[in-house]
Amino acid sequence: MSRVITRRQRNSLLIHVAAWIVAIACLAPVSYMVLASITPQRVLITTPLQWIPSHLDFSRYVTIFQGDADSVGATFRAAMVNSTIVALGTVAISMVVGILGAYAFARLRFRFRRAILVLFLATYMLPQIATLIPLYLILNSLGLLDTTGGLILCDCALVVPFVLWILSNYFLSIPDELEEAARVDGTTRMGALWYVVLPAARPGIFAAIMFAFLLAWDEFMYALIFTSSDNSKTLPVAISEFAGRYTTDFGLVAAGGLLAALPPLVIAIIFQRYIVSGMAAGAVKG
Amino acid sequence: MTVASAKEDLVSPPVRRRKKFDKQGRLAFWLLLPACIAVFGVIIYPMFRTLIVSLFQVNSALATVTPFVGFGNYLHVLSDSDFWAAIGRTFYFTIVSTALELVLGLIVALLLNANLKWRWLFRTIVVIPWAIPTIVNAAMWKGIFNAQYGALNALLTQLGIIHQYQAWLGDPNLALNMVILADVWKTVPLVAFFLLAGLTSIPTELYEAAKLDRAGWPRIFRSIVLPMLVPSISIVLVLRTVEAFKVFDIIYAMTRGGPVDGTSTVAYFAYETAFSDQNFGVGSAISYIITIFILALSAVYLRLLRRSEMSLL
């Protein structure tokens, strides 16, 4: 082994050190939250802080999972169910609607194609607050206030433009010839979409599903105004209420927050490799 | 438009082309109808209603007496110094957070693309902050910045950097910067992955050619990586600017606009006016002014984007 460090080795070392720093910056705040959720309240507020508690306290998780009907736990469990329904409903509807629309944008030529696409993308520029008051009145008159259905309806309007954008770019990257071959064999356009385009667009579809799920799970403003009870309150609203009410018990907020973060974390980690392959074609046409 | 379809256009006679165009148009109509209902149905009509409301004095959700005030609400907002202070803070938030996210995001993207030993593990770790919901992120940083028991105080004191616990969210200016820090932590991974997508589409031949020319890393970065990344960077810039200008969730959950309005951005200001003060007319006017600000910003960006030959746009 030569004792002289080559330039290449030095660069590689620098890159690894930088990667470690980034990894620690990503993990440190989350680790603190994990620790806080299992540190006894008494220990958590001592100065100087004892980072690793001498004994662990899982009582907050017990409260959340087993607390009776009037406790924080019941609200949290209801919110978990509501968030799941809203996110899955939004993803399902947005994907179906988005796939059909994206196919039209990517493959068909029609009048005002560009104008319509720009209009869809422009909705992303609008602040949610500008639609809040009328939407409240509309949902109220339809009897959809404080229901998961009403929330799904509103969330879809936020998610569909994103799905359209990712998928129409991805569909454009799939060679026309694939589809033409199928259509020469007598397949209809919809048949070609289902049997040829969709399988070829799998990375883009997964990326779109992931973005849609995270957006829906994260949505806060509509949920804040349109929900008022355990009937439809989603996790972001429940957590922000927790954090407002139990200002002294950070451990409880941390425990609830971690559980609320678990589904999107699992999905993001599983689908992580599709972000790049799904966007690589999606973001930029070379 | 692809070469294949352009060629087809040349071959087929104009009449047939027109017919085909109509047929495609009809199919496109049916394919796009669900998306139009889902998006415009929920957005266009409410936007229109908000415009109407912004011209009236509406002081309760169930108000029966709502005098017409024309542009009175707008004039009221535009002459309100609190509004301009909120706009100033929003611009500060937008510029600082977007700039930090772009620079840090580019660094992380280069690391994600580098030849690392445990690359899959590194990519998995970097995804984590992005996957954490905004409200949970806000609650987490609120705990970390806590003046009595927060982890930041504990860490800095134990390292001997500060000698007294600080109220990180207690001072208006400091609080705004702390909220920016929390927002940047969550968003850098997303920006990094966007830019990584752009990085991976750079042909390796370009790097090889540069190496043959004995170009160093700074030169490769400046002459190959940056120019090739311009489209990705511009998309990220538009998305992040718009998002930052609309920022609401993290402010609501971390500081409720305080202390002394130090973190009250314009979307939060609009929310407070409409829902806390029950002043729906003025609240609607503010949300329209925000919309105009964002559309103006986007128009500038889109012009730049078109110049960089973006797909679809």
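In the predicted model, the elements of chain B run α-α-α-α-α-α-α-α-α-α-α-α-α from the N terminus on. The count is 13 helices and 0 strands. Chain B has 313 residues, and 42% of them count as buried. Its contacts between residues at least 6 apart in sequence were also examined; 68% of these join residues at least 24 apart.

Chain A is likewise described by helices. It holds 14 helices and 0 strands. Along the sequence the pattern reads α-α-α-α-α-α-α-α-α-α-α-α-α-α. The radius of gyration of chain A is 24 Å, whereas the globule rule gives 19 Å for 286 residues. The value is well over the rule, so chain A is more spread out than a compact globule. Along the principal axes, the C-alpha atoms of chain A fill a box of roughly 80 × 70 × 35 Å. Of the 286 residues in chain A, 47% count as buried. For contacts in chain A between residues at least 6 apart in sequence, the share joining residues at least 24 apart is 76%.

Two helix pairs in chain A were examined, and both involve helix α12, residues 235-245. The first partner is helix α4 of chain A, residues 72-107. The axes of α4(A) and α12(A) come within 8 Å and cross at roughly 155 degrees. Angles over 145 degrees count as roughly antiparallel, and α4(A) and α12(A) are therefore roughly antiparallel to each other. On the α4(A) side, the contact is made by A:Val72, A:Thr75, A:Phe76, A:Ala79, A:Met80 and A:Ser83. These meet A:Leu235, A:Ala238 and A:Phe242 in α12(A). By class, the contact of α4(A) with α12(A) has 7 nonpolar residues, 2 polar and no charged.

The second partner is helix α13 of chain A, residues 250-270. Here the packing angle with α12(A) is about 170 degrees, and the axes are 9 Å apart. The pair α12(A) and α13(A) is therefore roughly antiparallel as well. From α12(A), the residues are A:Leu235, A:Ile239, A:Phe242 and A:Ala243. They meet A:Leu252, A:Val253, A:Gly256, A:Gly257 and A:Ala260 in α13(A). The contact of α12(A) with α13(A) divides into 7 nonpolar residues, 2 polar and no charged. A:Leu235 and A:Phe242 of α12(A) appear in both contacts, meeting residues of α4(A) and of α13(A).

The two chains share an interface. In it, 84 residues of chain B are in contact with 81 residues of chain A. Helix α2 of chain B, residues 14-53, gives the most to the side of chain B that touches chain A, with 18 residues. That side of chain B divides into 58 nonpolar, 20 polar and 6 charged residues.

Nonpolar packing was then considered. The largest nonpolar core has 180 residues. Those with the most contacts inside this core are A:Tyr103, A:Val160, B:Ala192 and B:Leu195. The named residues thus come from chain A and chain B. Helix α8 of chain B, residues 172-200, gives the most to this core, with 17 residues. B:Leu195 was followed further. Residues up to four places away in sequence aside, B:Leu195 touches B:Gly105, B:Leu106, B:Ala109, B:Leu229, B:Ser232, B:Ile233 and B:Val236.

Methods: Residues are numbered from 1 along each chain as its sequence is written. Chains are lettered from A and ligands numbered from 1 in the order in which they are written. This is a predicted model: local features need pLDDT of at least 70, side-chain atom pairs count only at pLDDT 80 or more; totals for chains, interfaces and linings use all residues. Two residues are in contact if their C-beta atoms, placed from the backbone, lie within 7 Å. Helices (H or I, at least four residues) and strands (E, at least two) are DSSP runs, numbered from the N terminus. Ala, Val, Leu, Ile, Met, Phe, Trp, Tyr, Cys and Pro count as nonpolar, Asp, Glu, Lys and Arg as charged, and the others, Gly among them, as polar. Axes are lines fitted to C-alpha atoms, for helices over the stretch in contact, and angles run from 0 to 180 degrees between N-to-C directions. Angles under 35 degrees count as roughly parallel, over 145 as roughly antiparallel, 65 to 115 as roughly perpendicular and the rest as oblique. A nonpolar core is a set of buried Ala, Val, Leu, Ile, Met, Phe, Trp, Tyr and Cys residues joined through C-beta atoms within 7 Å. A residue is buried if 20 or more other C-beta atoms lie within 10 Å of its own, exposed if 12 or fewer, and partly exposed in between; C-beta atoms are placed from the backbone. The radius of gyration is taken over C-alpha atoms; the globule rule is 2.2 Å times the number of residues to the power 0.38.
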